[in-house]
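Trainee: Could you take me through one part of this model, slowly and closely? I would like to see how a single spot fits in with what lies around it.

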Amino acid sequence: MEGKKYLKNIWSRVFLILGILITCFVVMRIYKGVNKQLQEERLFEEKYRQLLKVSNRPPFIVINVSYCDTVYRVVAREEISYLREKYQKAFEYALDENDTLEIDSVTYSLLEAKTVKPQCRIDSVYNGEMKNLISAFFNERGAISSFLSDEEIKYLIDILYQNNVTMNVDCETGMLIISK
């Protein structure tokens, strides 16, 4: 009689342990399925946010930056978020007040190719009149219609920015356009 009771207790414990293991296995499978679905949703949301960033890219800005006691005028677009994140209030103040932003060597190396230099061709057309620039370099839809070098484009963006005209890149054609 004692033997049967002992065997009954062993089988009860075996079935209990098997039940717990099966339950744990089922819960893990459900958790993995839900976790995988959440990861797919996060990935979709991240791709959607990136798509919005590409389609709603900020216009070009022109800002004065100071590095090693020299002030440079810089045309920035992709670098705006980096500058905003790194310099926070100083960057916003420099934009709002047309002030100079003090930068470090890492930021200077990032912005060095974006510095603005005067261009004779743009100055000769400009002559202090915005209408001269608009009629000479832009078509009726506000897109650049003539070939300009990168240096001339940066200088043109600077002059337009000083006159409260912002520039952007058209998402369909990739052409430089006047923002509405």
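Mentor: Start with the side chain of T115, which reaches the backbone oxygen of E112 at 3.2 Å in this predicted model. You will find T115 in the loop between α3 (105-111) and α4. Is T115 buried or exposed? With a relative accessibility of 9%, T115 counts as buried, because the cut-off for that word is under 20%. Setting aside neighbours within four places in sequence, T115 is in contact with Y72, R73, V74, E151 and K154.

Now follow the chain onward from that loop. The helix α4 (120-126) supplies at least two residues of the largest nonpolar core, and so do α5 (130-137), α6 (150-162) and β5 (176-178). This core has 21 residues, and I122, L133, F138, L156 and M167 are those with the most contacts inside it. Its largest share, five residues, comes from α6. Look at L156: beyond its neighbours within four places in sequence, it touches I122, L133, F137, F138, I144 and L148. Another core lies apart from this one; it has 14 residues, including V65, L83, A94 and Y108.

Finally, turn to α5, where M130, L133 and F137 are buried. These three sit on the same side of α5, because they cover an arc of only 70° around the axis. An α-helix has 3.6 residues a turn, so residues three or four places apart point the same way. Among the elements covering the buried residues of α5 are α4 and α6. On the other side of α5, K131 and S135 are exposed.

Definitions and conventions:
Residues numbered from 1 in each chain as written. Predicted model: local features only at pLDDT ≥ 70, side-chain atom pairs only at ≥ 80, totals over all residues. Heavy atoms only, no water. Core = buried A, V, L, I, M, F, W, Y, C linked by side-chain atoms within 4.5 Å. Buried < 20%, exposed > 50% of the residue type's maximum accessible area, 1.4 Å probe, protein only. Helix = DSSP H or I, 4+ residues; strand = E, 2+ residues; numbered from the N terminus. Contact = heavy atoms within 4.5 Å. Arc of directions from axis to C-beta. Polar contact = N/O pair within 3.5 Å; in protein donor to acceptor, adjacent residues only side chain to side chain.
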